[in-house]
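User: I've got this fold open on my screen and would like a close look at one stretch of strands, and then at a helix pair for contrast. Could you walk me through what sits against what?

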Amino acid sequence: MRSTPRLWAVLALVPLLGGCFAAGSTPAANPAAARLRVALAVPPVQALSPYSNDATVLGKLSVAEGLTALDRDGAAAPALATSWTRQDATTWVFRLRPAKFQDGTDVTAGAVVNALDHAAAAKTRPRVLSDVTLSAQAGADGTVTIRTKTADPVLPLRLASPALGIFAAKAYAADGTVSPVGTGTGAYRITKLSGKTQATLDRFDGYWGGPAKAAGIDVTWIADGTARANALRAHEVDIAEWIPTAQAPLLAADTRHEVASVRADSLILNTAAGIFTDPALRAAARGAVDGSALVKSVFGGYADPAPGLFGPAIPWAAGQRVAVSGRAPAATVAETRAKTQGRTLRLAAYTNRAELPEAATVVQQQLERAGFTVQQDVREYTQMEPDLLAGKYDALILSRVTLLDTGDAVAYLASDYLSNGVYNIAGLKDAGVDQAITAAAAEGDTTLRRQKIMRAEAEILRTDAVVPLVNEKVVQGIGTNVEGVVLDPRERSLITVDTRLK
């Protein structure tokens, strides 16, 4: 295993012009005392609970850590654990480093076991645990033994998930909620969380990796992409994530940073209820929708047509893609109109990614030409998520980071497409899909695992539960007075101990 102190420093933003600052900005008189101002796109869903989509924020802001992390190549690297060994197919032993929680208590084996036990028992099961059951046991020698019900060859990758961050005992309430405020182990501790709008983070001087180079982070959630871009242009923030592609050309070239991303935008069809329980209608929708039409018209060239669930930012996927067979015949336009007479296709999209509402309009036109009657519902994501998971829409345009949860594609497939997947918005229940994903999950050889992942992709596409549209290129907005920002294709990292104002 490789030791990677100051993990991700190798990914830090290429050096910016040292003597130049954006109009209206000035060098920090004392960079170590300066605070970073950051605009994030998706407001908290559950008060930054690690068991929700909010977990990503805790990683982006260096608040929380797991036993492991992901290095630049997507391999497991040390974090709170310095090393690990696999004793047998279902048993792993992790050795902890000396570290402290942000409340001053020690990171002990017992504390790690407590954190993992709470994650495993969470009412809303973290996506990363969709396809595995684990138990943990503390050792007297600073080790933690983790056992899985079935073989899990990528457990070290799984433990790098933001959803499996380790928090102090005080974080876990009797009602099952988890508060990361002042309870993580990262370089920054949350001192104040103001609903869904703002958070204040201060440098944690007891961080095992050494003190951060900035005094703190002031976070503002701005769901509107144009407003985020404007905040950067007006020097109201130093970093603005996810700049809309329509706004990107309006930013100064030295503040606009394009990142090849594993993010995939797809049309998810509800197979469990409504119009798309009919495979012929799903096939008709798939035949009608053309993602390539979105590349220039909606994304301004900051995207590629999606060849499948996994795009060009995952280089091994292209050479191992499996031809899709066994799809249902598509209904004709006349058949679609007859089958859906008097019924409206409910198409959802959310505003947090500015391109999605515009993409929904293009997709609506494509579906209407195929004989569907379509009505859009466009809202902010946090307002929409409960209805999505409850199956109250016929279709959703979803922007998904496919390697977010573990860096391993199986976790994404399991959470989104297994019959019991915790993020199975499509409501898909297909024996062939379940078998293919389970086979991939059990494979320990990297080459064979990737082959089985691509077979699972073909099985999923066979059902027409998902229609791939585009693979995005993310644009991050970064002021010229900032250095050390991480440009991460997996969108898990943003600010590290080395991020600072000049």
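Analyst:
**Strands, then a helix pair**

Start with Ile 190, which stands opposite Leu 201 in β9. Keep in mind that this is a predicted model. Ile 190 belongs to strand β8 (residues 188-194), and β8 runs antiparallel to strand β9 (residues 198-203), with six bridges joining the two. Between these strands the hairpin has three residues, and Gly 195 in the hairpin takes a positive phi near 55 degrees.

Now look at the other partner of β9. Strand β10 (residues 216-221) pairs with β9 over five bridges, again in the antiparallel sense. To find your place there, pick Thr 200: its bridge partner in β10 is Asp 218.

On to the helices. Helix α12 (residues 431-442) packs with helix α13 (residues 446-463) at an angle of about 165 degrees, and their axes are 8 Å apart. That angle is over 145 degrees, so α12 is roughly antiparallel to α13. The crossing of α12 past α13 is left-handed.

As for who touches whom, α12 brings Gly 432, Val 433, Ala 436, Ile 437, Ala 439, Ala 440 and Ala 441. They meet Arg 449, Lys 452, Ile 453, Ala 456, Glu 459, Ile 460, Arg 462 and Thr 463 in α13. Sorted by class, this contact of α12 with α13 has nine nonpolar, two polar and four charged residues.

How values were computed: Residues are numbered from 1 along each chain as its sequence is written. This is a predicted model: local features need pLDDT of at least 70, side-chain atom pairs count only at pLDDT 80 or more; totals for chains, interfaces and linings use all residues. Side-chain values use heavy atoms; hydrogens and water are left out. Axes are lines fitted to C-alpha atoms, for helices over the stretch in contact, and angles run from 0 to 180 degrees between N-to-C directions. Helices (H or I, at least four residues) and strands (E, at least two) are DSSP runs, numbered from the N terminus. Angles under 35 degrees count as roughly parallel, over 145 as roughly antiparallel, 65 to 115 as roughly perpendicular and the rest as oblique. A crossing is left-handed if the near helix is turned anticlockwise from the far one by less than a right angle, and right-handed if clockwise. Contact means heavy atoms within 4.5 Å. Ala, Val, Leu, Ile, Met, Phe, Trp, Tyr, Cys and Pro count as nonpolar, Asp, Glu, Lys and Arg as charged, and the others, Gly among them, as polar. Two strands pair if DSSP finds at least two bridges between them.
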